[in-house]
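Biologist: I'm new to this one. Can you pull it up and walk me through it?
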Amino acid sequence: MGKKYPVQVKVNGKEKFAEVEPRLLLAHLLRDEFNLTGTHIGCDTSQCGACTVMLDGRAVKSCTVLALQADGAEITTVEGLGTKEELHPVQQGFWEKHGLQCGFCTPGVMMTAAGLLQENVNPTEEEIRDALDGVICRCTGYQFIVEAVLHAAELIREQQKQTSSLENVTAGGDV
């Protein structure tokens, strides 16, 4: 057993701490140390994208990041995307538009889509397909996934309009 080093991260809004070997991947830290098994490991070579998480607000493949590199970072996994009571728009989109099949790639696809929609709430189908290029789904032709992301974008835009309208009302403006 090699020397271990401390790692402290905020995962899904909660502070987490572990002692890790230098070669431990973030994917394994999340799954094995923190029991967040929604982060799937499909290839260990960064080809499939099933392990995608948000790291400091950016979608990254967690099999390409050492746990030590994430020290001090804020991480969101698919478990932190939404709640049972209030689904994230991406989760809602997948639910309503049948964007999942076997489910193995789904966490990576959802986190990739969430990263895209965080930067662009009005993506084209081509932009969605480009963003999902690094995530392999062997069950679909991606059409339902793309439709789910387009629907999620629409839900986000509706939420933004509602928030904007509420802010305008509370500020005394006209709606």
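Modeller: Here is a short tour, from the overall fold to helix packing and salt bridges. Keep in mind that this is a predicted model.

Biologist: Fine. How many helices and strands does the protein chain have?
Modeller: Five helices and five strands.

Biologist: In what order do the elements run from the N terminus?
Modeller: The order is β-β-α-β-β-β-α-α-α-α.

Biologist: What box do the C-alpha atoms fill?
Modeller: Roughly 65 × 40 × 25 Å, taken along the principal axes.

Biologist: And what share of the residues counts as buried?
Modeller: Of the 175 residues in the protein chain, 41% are buried.

Biologist: What about contacts between residues at least 6 apart in sequence: what share joins residues at least 24 apart?
Modeller: That share is 55% in the protein chain.

Biologist: New topic, helix packing. How do α2 and α5 cross?
Modeller: Helix α2 covers residues 89–97, and helix α5 covers residues 143–170. Their axes come within 7 Å and cross at roughly 130 degrees.

Biologist: Why call that oblique?
Modeller: An angle over 145 would be roughly antiparallel, and 65 to 115 roughly perpendicular. The roughly 130 degrees here fits neither range, so α2 and α5 are oblique to each other.

Biologist: Is the crossing left-handed or right-handed?
Modeller: The crossing of α2 and α5 is right-handed.

Biologist: Which residues meet there?
Modeller: From α2, they include Val90, Phe94 and Lys97. From α5, they include Phe144, Val149, Leu155 and Gln159.

Biologist: How do the residues of that contact divide?
Modeller: The contact of α2 with α5 has 10 nonpolar, four polar and three charged residues.

Biologist: Switching to charges. How many salt bridges does a search of the whole structure find?
Modeller: Two. One pairs arginine 23 with glutamate 21, at 3.2 Å from N to O. The other pairs glutamate 125 with arginine 129, at 3.3 Å from N to O.

Biologist: Take arginine 23 to start. Buried or exposed?
Modeller: Exposed, with a relative accessible area of 67%. Its partner glutamate 21 has 18% relative accessibility. The cut-off for buried is under 20%, so glutamate 21 counts as buried.

Biologist: And where do glutamate 125 and arginine 129 lie?
Modeller: Both lie in helix α4, residues 125–131. They are four residues apart, about one turn of the helix.

Biologist: How accessible are glutamate 125 and arginine 129?
Modeller: Glutamate 125 is partly exposed at 35% relative accessibility. Arginine 129 is partly exposed too, with a relative accessible area of 32%.

Methods. Residues numbered from 1 in each chain as written. Predicted model: local features only at pLDDT ≥ 70, side-chain atom pairs only at ≥ 80, totals over all residues. Heavy atoms only, no water. Salt bridge = Lys/Arg side-chain N within 4 Å of Asp/Glu carboxyl O. Buried < 20%, exposed > 50% of the residue type's maximum accessible area, 1.4 Å probe, protein only. Helix = DSSP H or I, 4+ residues; strand = E, 2+ residues; numbered from the N terminus. Axes fitted to C-alpha atoms, helices over the stretch in contact; angles between N-to-C directions. Parallel < 35°, antiparallel > 145°, perpendicular 65-115°, else oblique. Left-handed = near helix turned anticlockwise from the far one by under 90°. Contact = heavy atoms within 4.5 Å. Nonpolar A, V, L, I, M, F, W, Y, C, P; charged D, E, K, R; others polar.
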